[in-house]
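Good morning, and thank you for coming. I should like to take you through one model, moving from local backbone features to the interior. Please have the sequence and the structure in view.

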Amino acid sequence: MEPIPEQSHASLLSKLLLSKLSHIMWSCTLFFVASSELFLILQKLEPKLHFLPLCFLLICFLLKWLLSRPSPVYIVDFSCLKPPNYCRVPFAAFIENASQFKLFEPKSLTFMAKALQASGQSENTYLPSPLHFIPPKTDQNEAIREVHKLLFPIIDDLFAKTNVSPIDIDILIVNCSCFCPSPSLSSIVINKYSMRSDIKSFHISGSGCSASALGIDMAQRLLRVHKNSTAMVLSTEILSTGWYTGNEIPKLILNCIFRMGSAAILLSNKNELKKNAKYRVLRTLRTQSAFLDDGYLSAILEEDSVGKRGFSVRKNVLHVAREALRSNITALGYQVLPLSETLRYVMSLFKLRILKKDSKGKGIYVPNFMSVIQHICLPCTGMSVIRETGKALRLSERDIEPALATMHRFGNQSSSSLWYELAYLEAKQRVKKGDTVWLLGMGSGPKCTSVLLKSVTPLSGEPNNAPWADCIQHYPLLIH
């Protein structure tokens, strides 16, 4: 059913008319100024009178600039999925089920058991229902049902929290890396909620854990062009189609650390939503290394020697991820750090090139980002990687706590993990009005995306919100 298409056509027509009217008025203004100046020249009037049309033109330029400035973009609210308890997967159950598939060799089972113990996740993480069957159900229909269970609850919750209707959504961005059905995931959502016929919809695939931050960057750029609009970003990963049933060790890692999760984020530049928004998007920054073969091939979806599809994580992945991160934080540092801190960092990079230090980056001065940023949400890749990233960025134990807690309670939920970390900070009531939050997304490519948010309203009642409501009192844990 198409909801009130007349409103859609009226909206498009009004935007077109306003655009045409703006061009006509600006052309008339230029014609008036030029005519006035020509009249003054022909009449040979006093030179000081020439300043009048010039001042008028300057005022018109300033007004045009003020009126055409992009509106600030706000995150009104967001929702994270609390998976049902029947999807919980303790380590023993995971290994027992895997052993009954009759597909994994003993060495593969041993590796997965060790990977589970070393990952930093607890016994309370979740896998979707299709992966609890023996053998797992990985067909298209099960994957579509998984989409419904992951996305529809958080969309409903977000609409309820923000008092926004599906027909109010102007832009829809859905990210899921490895499952790309036809019709697309965005079409599934549009059909379910009978969204407008003129909605601008997108599906981001193949971007891994950086996709959610990339979606925020994309939504912000679109909202800077489309005035008085609202965007919804949906972030998830469909695990049933990504389950690897072979025995190549690098491809087994994702079976062990990727877990069930999803997030829905509402962004807007509307004045009526701005007053109730939680955060303002300060800036976004994207860098990637896909132009380098080492980076492009460091984490890739491919078939193994017997034709079974899996995601390979190669040994050089940490090195190329470190280089992508360094490139991103270098560019970010120029934008947000004080001048003295920036100069010290630039000088350290210059010194590094002159002295030709080794590839591990010894000799680089690491800028203190936490002097201007109060909270950080790191890529939730695994306990050891979180700690190494924290060490590289000179972060304290309290700074990396949200990532460690999210990894422990929910596992690696791919791109949606960043929002579980932000929900953790809110549940701990650490985010105060005026605080800056840095969301750092790292994904295949490798891509690195930074999103800086500023809290614009006092937060209250967040400890009672999902997904941390039933367990926030147990954190932080001493995780080593």
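**Backbone, helix and cavity**

I begin with Lys102, which sits in the loop between α3 (91-100) and α4. The model is a predicted one, and the backbone at this position deserves a look. Although Lys102 is not a glycine, its phi is positive, at about 60°. Most residues other than glycine have a negative phi. Is Lys102 buried or exposed? Its relative accessibility is 71%, so Lys102 counts as exposed.

Asn163 offers a second case. This residue, again not a glycine, has a positive phi of about 60°. Asn163 is placed in the loop between α5 and β2, and it directly follows α5. With a relative accessibility of 71%, Asn163 counts as exposed.

Two peptide bonds also call for comment. Most peptide bonds are trans. In this model, Ile134 and Pro135 are joined by a cis peptide bond, with omega about -5°. Pro135 belongs to the loop between α4 and α5. Another cis bond links Tyr475 to Pro476, with omega about 5°. Pro476 is located in the segment after β11 (447-455).

Let me now set these features in the context of the chain. The protein chain contains 15 helices and eleven strands. Of its 480 residues, 51% are buried. Which share of the contacts with a separation of 6 or more comes from residues 24 or more positions apart? The figure is 78% for the protein chain.

I turn to helix α5, which spans residues 140-162. It has 23 residues, and the distance from its first C-alpha to its last is 33 Å, close to the 33 Å expected at 1.5 Å a residue. At the N-terminal end, Asp139 acts as the cap of α5, with a side-chain oxygen 3.1 Å from the backbone nitrogen of Asn141.

Which residues of α5 are buried? They are Glu142, Ala143, Glu146, Val147, Leu150, Leu151, Phe152, Ile154, Ile155, Leu158, Phe159 and Thr162. As a reminder when reading that list, an α-helix has 3.6 residues a turn, so residues three or four places apart point the same way. The buried residues of α5 pack against four strands and a helix, namely β1 (74-80), β2 (171-175), β4 (230-236), β5 (262-268) and α6 (185-193).

Next, please look at Thr125, in the loop between α4 (106-119) and α5. Thr125 counts as buried because its relative accessibility is 0%. Its side chain makes a polar contact of 3.3 Å with the side chain of Arg259. Setting aside residues up to four places away in sequence, Thr125 touches Cys87, Arg88, Val89, Arg259, His408, Arg409, Phe410 and Gly411.

A second loop residue of interest is Asp435, found between α15 and β10. Why does Asp435 count as buried? Its relative accessibility is 12%, and buried means under 20%, so Asp435 falls within that class. The side chains of Asp435 and His375 are joined by a polar contact of 2.9 Å. Beyond its neighbours within four places in sequence, Asp435 is in contact with Gln374, His375, Arg430, Leu453, Lys454 and Ser455. The C-alpha atom of Asp435 is 9.3 Å from that of Val372, a residue 63 positions apart along the chain.

I come finally to the empty space inside the model. Rolling a probe the size of a water molecule over the atoms shows where empty space is left. How many cavities of 30 Å³ or more does the structure hold? There is one. The largest cavity encloses about 50 Å³ of space. Its lining is formed by Cys209, Pro379, Cys380, Thr381, Ser414, Ser417, Leu418, Leu440, Gly441 and Met442. Two or more of these lining residues come from each of α15 (417-427) and β10 (436-443). Strand β10 contributes the most to this lining, with three residues. By character, the lining consists of six nonpolar residues and four polar ones, with no charged residue.

To close, I would return to the loop between α4 and α5, which holds both the buried Thr125 and the cis-bonded Pro135. Thank you for your attention.

Notes:
Residues are numbered from 1 along each chain as its sequence is written. This is a predicted model: local features need pLDDT of at least 70, side-chain atom pairs count only at pLDDT 80 or more; totals for chains, interfaces and linings use all residues. Side-chain values use heavy atoms; hydrogens and water are left out. On a 1 Å grid over the protein atoms alone, a cavity is a set of points where a 1.4 Å probe fits but cannot get out, and a pocket is an open set with protein on both sides within 12 Å along at least five of seven lines; lining residues have an atom within 4 Å of a point. Grid points are joined across faces, edges and corners, and a volume is the space filled by probe spheres set on the points. Ala, Val, Leu, Ile, Met, Phe, Trp, Tyr, Cys and Pro count as nonpolar, Asp, Glu, Lys and Arg as charged, and the others, Gly among them, as polar. The expected span of a helix is 1.5 Å times one less than its number of residues. Buried means under 20% relative accessible area, exposed over 50%, partly exposed in between (1.4 Å probe, protein chains only). Contact means heavy atoms within 4.5 Å. A polar contact is a pair of N or O atoms within 3.5 Å; within protein, one must be able to donate a hydrogen and the other to accept it, and residues adjacent in sequence count only if both atoms are side-chain atoms.
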